[in-house]
Amino acid sequence: MAKSFDVRRQTGFTTMAMITFFALYLPIAVLVVFAFNAGENLSHWEGVSFRWFVKAAGNAQVIDASLRSLQIAVVAAIVATACATLAAIATTRTAPYRGQTAKYAFLNMPLMVPEIVTAVALLIFFSRVKIWTGYSGIGYLMLAHSAFCIPFAYLPIRARLESMDLTLERAAADLYATPVKAFRYITLPLLWPGVLAGFMLAFVISLDDVVITEFVKSGGQDTLPTYMLGQIRRSISPEVNAISTAFLVLSIAAVTAFFFINKKRA
């Protein structure tokens, strides 16, 4: 009997996997280590110190950019998750119909189109809106991030819906539950892990976005990633390492929390 194909048993697979992980994570490890460097030299270790974390925490520009990033990310994640949930229900809780594949492609278009194209399109659109309305606040960044994050939230929510059995929802309908009540008491509790995954994915995507933010933002609307980019253009400081390390810790904490929440609900 012929053995089934297993990529893990192919010659050189383990070696290539180790090289890939090494190339991916070594720069991150170096960044984290030198965030605790006492000196200002990025290539010479001068002892352990938290001075750069303290300096970043006391930097008014860093605090302002961080709060703005969190504000935009939370709003964008909520809007994107709500829209993605409605879109996922509309494209999965129905019999197959003509044009359904085209809708899938349309919803996932921002994932396939280069981000710079989306950024330029949003720049042109919002520049016209700014002229018509005279408003140039942070709302444009929230709308731009929300639009860009919808397909990222849509994927896990749609995957969760496709794996859910329709039996309970049909039983609720047989018991005269309205579509809203069936969604509230049956679909949403079962869908919640997918919604949470979509929210967290949208939140992270929005939090570290640079390209769209650079094109859409007005003066004085720097987010933390664009602030860091501006600092690197001037001079590379260990303070940037400290901010990046804080970002990394936040991401790990979010993923860990999501893992334990899903494990508890399983």
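**Charges.** Select the charged side chains first. The chain carries 22 positive and 14 negative ones. The centres of the two sets lie 7 Å apart. Keep in mind that this is a predicted model.

**Whole chain.** Now show the cartoon. The chain has 12 helices and 0 strands. Read along the sequence, the pattern is α-α-α-α-α-α-α-α-α-α-α-α. Along the principal axes, the C-alpha trace spans about 70 × 70 × 35 Å. Switch to the surface: about 16,400 Å² is accessible, and 69% of that belongs to carbon and sulfur atoms. Colour by burial next. Of the 266 residues, 35% count as buried. Then turn to contacts between residues at least 6 apart in sequence: 70% of these join residues at least 24 apart.

**Helix α1.** Select residues 13-35, which make up helix α1. F21 sits in this helix. Add L24, Y25 and I28 to the selection. Together with F21 they form a nonpolar patch on the surface. The accessible area of the four comes to about 420 Å².

**Salt bridges.** Side chains of opposite charge can pair when their charged atoms come close. How many salt bridges does the chain have? The count comes to 3. Visit each in turn.

*Stop one: R68 and D64.* Go to helix α3, residues 60-92. Both partners lie in this helix, 4 residues apart, about one turn. Show their side chains and find the salt bridge: the closest N and O atoms are 2.8 Å apart. Are the two partners buried or partly exposed? R68 is buried, because its relative accessible area of 13% falls under the 20% cut-off. D64, at 39%, counts as partly exposed.

*Stop two: E162 and R158.* Move on to helix α7, residues 139-162. E162 and R158 are both in it, again 4 residues apart, about one turn of the helix. Their salt bridge has its closest N and O atoms 3.0 Å apart. Check the arginine's surface: R158 is buried, with a relative accessible area of 18%.

*Stop three: D222 and K217.* Select these two side chains. They meet in a salt bridge, with 3.3 Å from N to O. D222 is partly exposed, at 29% relative accessible area. K217 is partly exposed too, at 22%.

**Helix α11.** Centre on L229. Helix α11, residues 224-234, holds this leucine. L229 counts as partly exposed, with 27% relative accessibility. Which residues does L229 touch, leaving aside neighbours within four places in sequence? The contacts are V210 and E214. Now draw a distance from L229 to L188, C-alpha to C-alpha. The pair is 40 Å apart in space and 41 residues apart in sequence.

**Helix α12.** Finish at residues 238-265, helix α12, and pick N241 within it. Is N241 buried or exposed? N241 is buried, because its 11% relative accessibility is under 20%. Show what surrounds the side chain. Beyond neighbours within four places in sequence, N241 is in contact with L31, F34, A35 and L42. Keep helix α1 on screen for this view, since its span is residues 13-35, and L31, F34 and A35 are among the contacts of N241.

Methods. Residues are numbered from 1 along each chain as its sequence is written. This is a predicted model: local features need pLDDT of at least 70, side-chain atom pairs count only at pLDDT 80 or more; totals for chains, interfaces and linings use all residues. Side-chain values use heavy atoms; hydrogens and water are left out. Helices (H or I, at least four residues) and strands (E, at least two) are DSSP runs, numbered from the N terminus. Buried means under 20% relative accessible area, exposed over 50%, partly exposed in between (1.4 Å probe, protein chains only). Contact means heavy atoms within 4.5 Å. Accessible areas come from the Shrake-Rupley method with a 1.4 Å probe; for residues, only the protein chains shown count as cover. Lys and Arg count as positive and Asp and Glu as negative; His and the chain ends are not counted. The place of a charge is taken as NZ of Lys, CZ of Arg, CG of Asp or CD of Glu. Patches are made of residues with over 30% relative accessible area and no salt bridge: like charges are joined within 9 Å, nonpolar side chains (Val, Leu, Ile, Met, Phe, Trp, Tyr) within 5 Å.
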